[in-house]
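Me: I'm new to reading protein structures and would love a close look at one part of this one. Could you walk me through how the pieces sit together there?

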Amino acid sequence: MRVRELGVLLRFAAQDLFRARQVAEPEVAVAQPVAHSAPGQASGRSLERAAGFSAAPLEEQRAAEEVKGFRIGGRARERLARRALREAEVVALERVPRVLHAARIVALHAIDRSQAFARRGSPIIRIPMKAKIRPIPKGRAVDPKALADVQQLLGDAPRRRDLLIEHLHRINDRFGHLPAAHLAALAQEMRLALAEVYEVATFYHHFEVVKEGKRPPPALTVRVCDSIACELAGARELLQLNLGPGVRVIPAPCVGRCEVAPCVHVGQNPVGNATADRVRAAVEQKQLDCPVAPYTGYDEYRRNGGYRLIAECLAGKHTREGLTKIMEDSALRGLGGAGFPAGRKWRLVAAEPEPRVMALNIDEGEPGTFKDRWYLEREPHRFLEGMLVAAWCAGVGEIWIYLRDEYAGCRQILEPSSKS
Ligand code: FES
């Protein structure tokens, strides 16, 4: 398609999606056969038949429909529209049989020169061109109903790629599993490759991907920890529980509550010192959420001197070197297994060029390890202040907190909507 036509199409896509399709159809139908025709070959009409192009679904239409879903305005919408339409053209060209690609090009005025080789006789489509942009990955077929579900679940939430896990949780919480159709819809909605969505969705055992045609799991999942502390405390018997239709009982690795073994998660509700009766009662009474125990709130923490240190740091009363030295002298070590000295870690990070990012890994999976949950449930602001001081010392500009799914109570405390 000529650049001029693409520009027209783009304008229409931004203003009138129906007209965009009307413009695209004849232009593409003409441009493709001409672009792939060879000297002495038959007319554009017969080439069109050979390519089966007229029977192919019009990619521009699909792109225009995507543009409609962008829900943004102004130049950003226009930019996305331009990219989608450019991609659509590439995909449309791919429909033309390869045998026609090698033919020499005639009527050069009729093709998109961005795809033309400088050297005559070369194929129009090149591998680098295909790899350049691909907003509609091959093989992806998005179910409109699934797409509508995903859009409704995501609402106004940003579609940033770093929110992928959050968005997967929304789908998982809604359906109790991850339908494959919704993963494809999510990939499209977030402009990600389907493989990227799949590799995250299949990594965590709390996410269960269910392919089309497969039976989804029961609505409620009861997870019985069968790691060593809980097994010693009688988890095996709990695994035999029959809690009726709509409830499945499955084993799970350490859920980070070894001090109350055996522990059973009914939905997100951790039932400590679990017995068959207690688990059954939680299921029958639909106690599926993680309760939040009383903890030291913001006001109380401030009254007792909380956040004073970070305020002094920001006010210039301490130096980074001074605090890092205190940490080094304290010989405090991480408890994640490596036992790396915390002060040295701060110093090493600070020596790296910017940008520096801090990741707090609260994914205690080893039996007997539940310290992070313990203090988060009781002293969340002490945790937050320590995090801020460490970030200040190391010159960190961005902090990520990774919290395991089983710590739903901690999440409630830490989420911005939490009032204290
Ligand atoms: S071993 Fe069961 S909660 Fe840790």
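Reply: Here is a walk through one sheet and the helix on it, followed by a few helices elsewhere for company.

Keep in mind that this is a predicted model. Let's start with the sheet. It is an open one with four strands, ordered S4-S3-S5-S6, and its pairing is mixed. Which strands stand at the edges? They are S4 (247–252) and S6 (269–271), and each has a single partner strand, so one side of each has no neighbour in the sheet. On average, neighbouring strands are turned by 25° against each other, if you ignore direction.

Now zoom in on one edge. Strand S5 (residues 264–266) runs antiparallel to S6, and three bridges join the two. In that pairing, you'll find His265 opposite Pro270 of S6. As for what lies on the sheet, that's helix H14 (residues 276–284), which touches S3 (220–225), S4, S5 and S6. The direction of H14 makes about 15° with that of S5.

Next, a pair of helices. In general, two packed helices are described by the angle between their axes and the distance between the axes. For H8 (residues 144–154) and H10 (residues 180–190), the axes come within 8 Å and cross at roughly 60°. The crossing of H8 past H10 is right-handed. On the H8 side, the residues that meet H10 include Ala146, Leu147 and Val150, while the H10 side includes His182, Ala185 and Leu186. Sorted by class, this contact has seven nonpolar, three polar and two charged residues.

Leu186 of H10 leads us to another residue, because Leu168 touches it. Leu168 is part of helix H9 (residues 164–175). Is Leu168 buried or exposed? With 0% relative accessibility, Leu168 counts as buried. Leaving out residues up to four places away in sequence, Leu168 also touches Leu178, Leu183, Val197, Val200, Ala201 and Phe207. From Leu168 to His182 you count 14 residues along the sequence, and their C-alpha atoms are 9.4 Å apart in space.

One last stop: helix H18 (residues 342–350). Its buried residues are Ala342, Gly343 and Trp346. Why do they sit on the same side of H18? They cover an arc of only 105° around the axis, and that puts them on the same side. What do these buried residues pack against? Their partners are helix H17 (320–330) and helix H20 (380–394).

Conventions. Residues numbered from 1 in each chain as written. Predicted model: local features only at pLDDT ≥ 70, side-chain atom pairs only at ≥ 80, totals over all residues. Heavy atoms only, no water. Axes fitted to C-alpha atoms, helices over the stretch in contact; angles between N-to-C directions. Left-handed = near helix turned anticlockwise from the far one by under 90°. Contact = heavy atoms within 4.5 Å. Nonpolar A, V, L, I, M, F, W, Y, C, P; charged D, E, K, R; others polar. Buried < 20%, exposed > 50% of the residue type's maximum accessible area, 1.4 Å probe, protein only. Arc of directions from axis to C-beta. Pairing = 2+ DSSP bridges.
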